[in-house]
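The following exercises are to be worked with the sequence and the model at hand. Each task is followed by a solution in steps.

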Amino acid sequence: MGMPITIEVIDAAITQDEIDRVFAYFVSVDERFSTYKSTSEISKINRGELSPADYSEDMQTILALSKQTKEETEGYFDIQHDGQCDPSGIVKGWAIQNAANMLKAGGFRNFYVDAGGDVQVSGYKDGNLWKVGIRNPFNRSENVKVLALTNRGIATSGTAIRGQHIYDPHNHDMQLLDIVSITVIGPNIYDADRFATAAFAMGKKGIQFIEKLAGFEGYMIDAQARATLTSGLERYVLHK
Amino acid sequence: MKKFTVAILIIGAFIFYSLLYNHSNAVALPNNPTVSNSSSSSSTRSSANGNAQDSNGSNDSSDSNDSNSSSDSNGSSNSNSSSNSNSSSNITYKDGSYTGSVADAQWGNIQVKAIIQGGKIKDVQFLQFPNERNRSVRINESADPQLTQEAIQAQSAQVDVVSGATDSSEAFIQSLSDALAQAKA
């Protein structure tokens with residue numbers, strides 16, 4: 001996946017072995033799903049070297065989840081691009097979720113798992129809710145919002161600096177008031193991540209898609225550095 | 001008198017339009033386009049807290065398959081700051097246009113061209129950008145009245161962890177850094 005992964009466990013019983021096991025899991029997911037590794041299962045599938053009957057169980061799960069997500073997002077979530085299959089938009093959240101479940105199964109309650117800016121937080125840190133920042137897409141060293149969360153997934157889809165050279169294909173004269181990033185908070189990281197990916201592909205109406213989803217909140221930033229908030233986001237916002 | 005009122009209205013409308021037009025062309029460049037970045041590093045910081053054991057590691061599997069994680073049996077760690085150093089804008093570059101390296105953005109490739117004029121970055125253009133994110137989207141112009149808007153504002157509160165889209169921005173910085181390294185030479 002080519003991204004930093006950070007795990008913090010507060011529970012005193014955590015051991016290095018447990019942590020290593022979770023990191024090893026992320027490595028195994030990467031080995032299977034990275035489209036940048038020629039030896040990965042997904043690369044073999046894209047080269048036509050594997051027939052569906054030979055797909056691993058995980059691959060079948062991901063393909064089924066991708067299909068389901070596509071249906072739930074009016075087709076905006078799609079892992080097929082130019083005849084190639086790239087499920088990275090769903091694998092990351094799914095892998096973080098599985099990693100969190102591994103820790104829970106080990107009896108740990110208070111932790112977070114962060115893979116490339118998508119985070120599952122569980123329990124508390126020293127009795128407080130986890131303080132989660134939303135990074136400023138225009139200045140990486142700043143946060144533009146601080147949320148207090150427990151037992152939630154938070155995922156951001158987008159890029160820094162998008163929009164200046166992007167135009168609406170239906171209306172070439174008009175520069176798109178484009179969306180730079182959308183952050184989605186949901187009951188778990190798997191759902192937050194896949195819906196953030198779909199919402200970002202929807203452009204401006206992505207935030208309204210999140211607004212309509214029960215149990216999800218969103219924070220969208222456009223190229224003019226304006227944010228649009230869903231109606232229930234405020235309850236997560238940490239006010240000093 | 002009527003003509004005068006109409007004239008004022010027209011001039012007013014023109015000024016209003018000019019202001020609006022200026023505003024809509026504001027370019028969203030980051031404040032520090034010359035951020036030098038070292039990604040995927042995380043540090044472990046200890047504090048005197050006797051009963052917690054944490055681990056904080058980083059894994060960049062695009063470089064290697066092994067994950068390195070470190071554990072501090074006696075501390076509480078909470079730092080996950082990628083070590084960015086924001087260089088100030090005193091650096092001057094040689095005029096010209098410089099094409100950066102193609103950088104892997106997880107969703108596809110990113111490549112930028114930096115245009116230097118008068119020793120400063122005049123423009124940064126995307127030569128490659130992940131395609132699936134540029135897919136045509138019909139824009140729903142009608143804003144939902146339930147949704148509130150605000151200008152984004154830097155927050156000073158300390159956080160435990162940060163959510164952000166790191167994938168393409170890392171690649172952007174990589175490609176831009178490469179272009180600017182050429183401009184310096």
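Accessible areas are obtained here by the Shrake-Rupley method with a 1.4 Å probe. On that basis, the accessible surface of chain A comes to about 8,800 Å², of which 50% belongs to carbon and sulfur atoms. The model is a predicted one.

**Exercise 1. Describe the make-up of chain A.**

Solution. Begin with the secondary structure: chain A holds six helices and eleven strands. Turn next to burial, for which the cut-off is a relative accessible area under 20%. Of the 240 residues of chain A, 63% count as buried. Finally, consider the contacts in chain A between residues at least 6 apart in sequence: 58% of these join residues at least 24 apart.

**Exercise 2. Determine whether the length of helix α4 of chain A agrees with the expected span, and describe its surroundings.**

Solution. Helix α4 of chain A covers residues 88-105, which makes 18 residues. The expected span is 1.5 Å times one less than the number of residues. For α4(A) this gives 26 Å, and the end C-alpha atoms are 25 Å apart, so the two values agree. As to cover, 14 of the 18 residues of α4(A) are buried, and the helix is thus mostly covered. Just after α4(A), the backbone of A:Gly107 takes a positive phi of about 90 degrees.

**Exercise 3. Classify the aromatic pairs A:Phe33 with A:Trp94 and A:Tyr112 with A:Trp130, and state which elements they tie together.**

Solution. Over all chains, the structure holds five aromatic pairs. For A:Phe33 and A:Trp94, the ring centres are 5.9 Å apart and the planes stand at 75 degrees; because planes over 60 degrees apart count as edge-to-face, this pair is edge-to-face. A:Phe33 belongs to helix α1 (residues 16-33) of chain A and A:Trp94 to helix α4 of chain A, so the pair ties together parts that are 61 residues apart in sequence. Both A:Phe33 and A:Trp94 are buried.

The second pair is treated likewise. The ring centres of A:Tyr112 and A:Trp130 are 5.3 Å apart with planes at 90 degrees, so this pair is also edge-to-face. Since A:Tyr112 lies in strand β4 (residues 111-115) of chain A and A:Trp130 in strand β6 (residues 130-136) of chain A, the pair ties together parts that are 18 residues apart in sequence. A:Tyr112 has a relative accessible area of 0% and is therefore buried. A:Trp130 likewise counts as buried, at 0% relative accessibility.

Elsewhere, one aromatic cluster is formed by A:Phe195, A:Phe209 and A:Phe216.

**Exercise 4. Establish how strands β6 and β7 of chain A are joined.**

Solution. First, β6(A) and β7(A) run antiparallel and are joined by seven bridges. Secondly, two residues lie between these strands, which form a hairpin. One of the bridge partners can be named: A:Gly133 is matched with A:Val146 in β7(A). Lastly, strand β7 (residues 139-149) of chain A is mostly covered, with nine of its eleven residues buried.

**Exercise 5. Assess the confidence of the prediction for chain B and for the complex.**

Solution. Start with the average: chain B has a mean pLDDT of 57, and 36% of the residues score at least 70. By element, confidence in chain B is lowest in strand β2 (residues 68-72), at a mean of 36, and highest in strand β8 (residues 161-163), at 94. By stretch, pLDDT stays under 50 over residues 22-89 of chain B, for which the model has 156 contacts beyond four places in sequence. Residues 131-144 of chain B also have a pLDDT below 50, with 38 contacts in the model beyond near neighbours in sequence. For the complex, the predictor gives an ipTM of 0.88 and a pTM of 0.64.

How values were computed: Residues numbered from 1 in each chain as written. Chains lettered and ligands numbered in written order. Predicted model: local features only at pLDDT ≥ 70, side-chain atom pairs only at ≥ 80, totals over all residues. Heavy atoms only, no water. Helix = DSSP H or I, 4+ residues; strand = E, 2+ residues; numbered from the N terminus. Buried < 20%, exposed > 50% of the residue type's maximum accessible area, 1.4 Å probe, protein only. Phe/Tyr/Trp six-rings, centres within 6.5 Å; stacked < 30°, edge-to-face > 60°. Pairing = 2+ DSSP bridges. pLDDT = per-residue confidence, 0-100. Contact = heavy atoms within 4.5 Å.
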